[in-house]
Amino acid sequence: DILEEVTRFYGYKDIPLELPLLHKEPSDLTHLFRKRKIKNFFAFSANMNEQQNYAFYDEQFLKELGLKLDNCVELQNPVSENNTRMVSSLMPNLFSNLKENYLHDDSLRFFEINKKWIMKDEKVVEKGSIAGIFFERRKPVSFYDCKQYILDALALCGIKNTTWEK
């Protein structure tokens, strides 16, 4: 409204009818293509559904789980009493997705590619992260199948040498 009033006062006829020049520099899009490859792999090869969760923990759900998380970024002015910390792991929100959907399906597979925030040396560190979860009601989930999905996704990114730790 203010812009419209200023424009009207200045005069529509005095505004030149040409678009402003936008100078663009070429940039490396490798990270976007890699992210797209990973999403397509998990969605189509692993038959998983992508989740887009909030950047905050659901404090009530964390209490239900009995989960205590360290190195979380606490908000000075939280959005609500239930969302006071930013996610330092994508897994709790994926567990919440699982809880909301497991009654409707015998098999659920979710993944999320998002950011997480941790406190390190009294500074906030933002990192990209990927997490996934497999749920089967009628049969156990095979660790080796899940491991192979991870190895295949890493190979898509050109990562071949991996180590596995318990």
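Which elements of the protein chain have the lowest and the highest mean pLDDT? In this predicted model, helix α1, residues 2-10, has the lowest mean pLDDT among the elements, at 90, and strand β1, residues 49-50, has the highest, at 96.

**Figure 1. Overall view of the predicted protein chain, with its elements and dimensions.** The protein chain contains five helices and three strands, and read along the sequence these elements follow the pattern α-α-β-α-α-β-β-α. The C-alpha trace spans about 70 × 40 × 40 Å along its principal axes, and the radius of gyration is 23 Å, where a compact globule of 166 residues would have a value near 15 Å. Of the 166 residues in the protein chain, 24% are buried. Among contacts between residues at least 6 apart in sequence, 63% join residues at least 24 apart. The mean pLDDT of the protein chain is 92, and 100% of its residues reach 70 or more.

**Figure 2. Surface and charged side chains of the protein chain.** The accessible surface comes to about 13300 Å², and 54% of this area belongs to carbon and sulfur atoms. The protein chain carries 24 positive and 25 negative side chains, and the centres of these two sets lie 8 Å apart.

**Figure 3. Helix α4 and the elements that cover its buried residues.** Helix α4 comprises residues 91-101, and its buried residues are P92, N93, L94, S96, N97 and L98. What covers these buried residues includes helix α3, residues 59-65, together with the strands β2, residues 107-120, and β3, residues 123-136.

**Figure 4. Surroundings of Q51 in the loop between β1 and α3.** Q51 has a relative accessible area of 15% and is therefore buried, as this value is under the 20% cut-off. Leaving aside its neighbours within four places in sequence, Q51 is in contact with L94, N97, F110, F111 and E112. Two of these partners, L94 and N97, are among the buried residues of helix α4, so that this view may be read together with that of the helix.

**Figure 5. K39 in helix α2 and its contacts along the chain.** The relative accessible area of K39 is 25%, which makes this residue partly exposed. Apart from neighbours within four places in sequence, K39 is in contact with E50, F111 and I113. Residues K39 and A153 are 114 residues apart along the chain, while their C-alpha atoms are separated by 9.3 Å.

**Figure 6. Two loop residues with positive phi, N47 and E122.** Most residues other than glycine have a negative phi. N47, a residue other than glycine, has a positive phi near 55 degrees, and its place is in the loop between α2, residues 30-45, and β1. At 56% relative accessibility, N47 counts as exposed, because the value is over the 50% cut-off. E122, which is not a glycine either, has a positive phi of about 60 degrees, and its place is in the loop between β2 and β3. The relative accessible area of E122 is 77%, and this residue is likewise exposed.

**Figure 7. T162 in the segment after α5.** T162 has a relative accessible area of 29% and is partly exposed, since this value lies between the cut-offs of 20% and 50%. Leaving aside its neighbours within four places in sequence, T162 is in contact with L151 and L154. The C-alpha atoms of T162 and L151, which are eleven residues apart along the chain, are separated by 8.2 Å.

**Figure 8. W164 in the segment after α5, residues 143-156.** At 40% relative accessibility, W164 counts as partly exposed. Its contacts, apart from neighbours within four places in sequence, are with K147, I150 and L151; L151 is also in contact with T162. W164 and L108, which are 56 residues apart in sequence, lie 25 Å apart in space, C-alpha to C-alpha.

Definitions and conventions:
Residues are numbered from 1 along each chain as its sequence is written. This is a predicted model: local features need pLDDT of at least 70, side-chain atom pairs count only at pLDDT 80 or more; totals for chains, interfaces and linings use all residues. Side-chain values use heavy atoms; hydrogens and water are left out. Helices (H or I, at least four residues) and strands (E, at least two) are DSSP runs, numbered from the N terminus. The radius of gyration is taken over C-alpha atoms; the globule rule is 2.2 Å times the number of residues to the power 0.38. Buried means under 20% relative accessible area, exposed over 50%, partly exposed in between (1.4 Å probe, protein chains only). Contact means heavy atoms within 4.5 Å. Accessible areas come from the Shrake-Rupley method with a 1.4 Å probe; for residues, only the protein chains shown count as cover. Lys and Arg count as positive and Asp and Glu as negative; His and the chain ends are not counted. The place of a charge is taken as NZ of Lys, CZ of Arg, CG of Asp or CD of Glu. pLDDT is the predictor's confidence in each residue, from 0 to 100.
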